[in-house]
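Subject: The structure for you to look at

Hello,

Here is the structure I promised to pass on. Please open it alongside this email, and my notes will follow underneath.

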Amino acid sequence: MAAALVAAGIAGGVTATRTIAPKGSSSDYKFLAVIGGKPVRWNPCQPIHYTIDAGAAPQGSVDDVYEAIRRISSATGITFVYDGPTTEVPQRDRPPYEPDRYGNRWAPVVIAWVSPSQTDIPFSGNGHAFAAVARPLTAPDDPRQFVSGWVVMNVQDPNPPGWSEPGDQGPTVLHELGHVMGLNHVTSKAELMEPSGGLVTDLGPGDREGLALLGRPAGCLVEPVPVP
Ligand SMILES: [Zn+2]
């Protein structure tokens, strides 16, 4: 499952000027991983739980997460449940099952604002600095299905709160949640899943098509049970 282990980052420090967004295509999407001709995805027929570590986050960050979750939920048809705040700081090998912290279930998706000194997750690669990095997590015994994930936002490379410009915090969180759902990068700047978030502040037509194919329209899956 090397493909699902791709560190998916969004380049930081992008300066975007207000511009007419390019027209996208519904074929502009890519999956992080495909097994047996089918994209690796979540069971879309049960809620995805998430938690937020906003300890070091700029003001307004939690509202940006709520809005990003609302948009991902709308695009996938999947229900999301907020489990409340956490103090977890995700590390590179963050397991999908953390019974001591979250009980006997898959760990919720954690969205955390962290300093690079707090985590071994790299905020750079290929000569680029990343404002954020995300990864979905499969069950240890079943690489075909996502059961957890994490998003880390770099507090030393903050994005302005809100949704007004490409690269603002809202679109950045939404891009990272696209990775958590199973989307990979594309080259079209009309899509939010372009490595730097494109020239857009919301999901493009390819992003939406990919998320639909990862969501409820793709049908239910039987979720694996965590083995203690
Ligand atoms: Zn990315």
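Below is what I found, going from the whole chain to the helices and then to a few single residues.

**The chain as a whole**

Please keep in mind that this is a predicted model. The protein chain has four helices and nine strands. Read from the N terminus, the order of the elements is β-β-β-β-α-β-α-β-β-β-β-α-α.

As for overall dimensions, the C-alpha atoms fit a box of roughly 50 × 40 × 30 Å along the principal axes. The radius of gyration is 16 Å, which agrees with the value near 17 Å for a compact globule of 228 residues. Of the 228 residues in the protein chain, 46% are buried. The contacts reach across the sequence too: if you take those between residues at least 6 apart, 76% of them join residues at least 24 apart.

**Helices H1 and H3**

Two packed helices are usefully described by the angle between their axes and the distance between those axes. For helix H1 (residues 61–76) and helix H3 (residues 169–181), the axes come within 9 Å and cross at roughly 45°. That angle makes H1 oblique to H3, and the crossing is right-handed.

Which residues of H1 and H3 make the contact? On the H1 side they are Ser 61, Asp 64, Val 65, Glu 67, Ala 68, Arg 71, Ile 72 and Thr 76. On the H3 side they are Gln 169, Gly 170, Val 173, Leu 174, Leu 177 and Met 181. By type, the residues of this contact divide into seven nonpolar, four polar and three charged. When you look at the numbering, it may help to recall that an α-helix has 3.6 residues a turn, so residues three or four places apart point the same way.

Two other residues of these helices are also in my notes. Tyr 66 is in helix H1, and it is partly exposed because it has 14 other C-beta atoms within 10 Å. Its C-alpha atom is 16 Å from that of Pro 160, and the two residues are 94 apart along the chain. His 179 belongs to helix H3. With 25 C-beta neighbours inside 10 Å, His 179 counts as buried, since the cut-off for that is 20 or more. From His 179 to Trp 150 the C-alpha distance is 9.6 Å, with their positions 29 residues apart in sequence.

**Helix H4**

Helix H4 spans residues 205–214, and its buried residues are Gly 206, Asp 207, Arg 208, Gly 210, Leu 211 and Leu 214. What do the buried residues of H4 pack against? They pack against H1, H3 and strand E3 (38–39), which brings the two helices described above back into the picture.

**After H1: Gly 77**

Gly 77 sits in the loop between H1 and strand E5 (80–85). It counts as partly exposed, with 15 C-beta neighbours inside 10 Å. Leaving out residues up to four places away in sequence, Gly 77 touches Pro 44, Gly 215, Arg 216 and Pro 217. Gly 77 and Ala 190 are 113 residues apart along the chain, and 22 Å separates their C-alpha atoms.

**Around strand E8: Asn 126 and Ala 139**

Asn 126 is in the loop between strand E7 (124–125) and strand E8 (128–139). Most residues other than glycine have a negative phi. For Asn 126, however, phi is near 55°, a positive value in a residue other than glycine. Is Asn 126 buried or exposed? It counts as exposed, because it has 8 C-beta neighbours inside 10 Å.

Ala 139 lies in strand E8 itself, and with 19 other C-beta atoms within 10 Å it is partly exposed. Apart from its neighbours within four places in sequence, Ala 139 is in contact with Pro 96, Gln 145, Val 147 and Pro 224. For the pair Ala 139 and Pro 224, the C-alpha atoms are 7.0 Å apart, while the residues are 85 apart along the chain.

Those are my notes on the structure, and I would be glad to hear what you make of it.

Best wishes

Methods. Residues numbered from 1 in each chain as written. Predicted model: local features only at pLDDT ≥ 70, side-chain atom pairs only at ≥ 80, totals over all residues. Axes fitted to C-alpha atoms, helices over the stretch in contact; angles between N-to-C directions. Parallel < 35°, antiparallel > 145°, perpendicular 65-115°, else oblique. Left-handed = near helix turned anticlockwise from the far one by under 90°. Contact = placed C-beta atoms within 7 Å. Nonpolar A, V, L, I, M, F, W, Y, C, P; charged D, E, K, R; others polar. Buried ≥ 20, exposed ≤ 12 C-beta atoms within 10 Å, placed from the backbone. Rg over C-alpha atoms; globule rule 2.2 N^0.38 Å.
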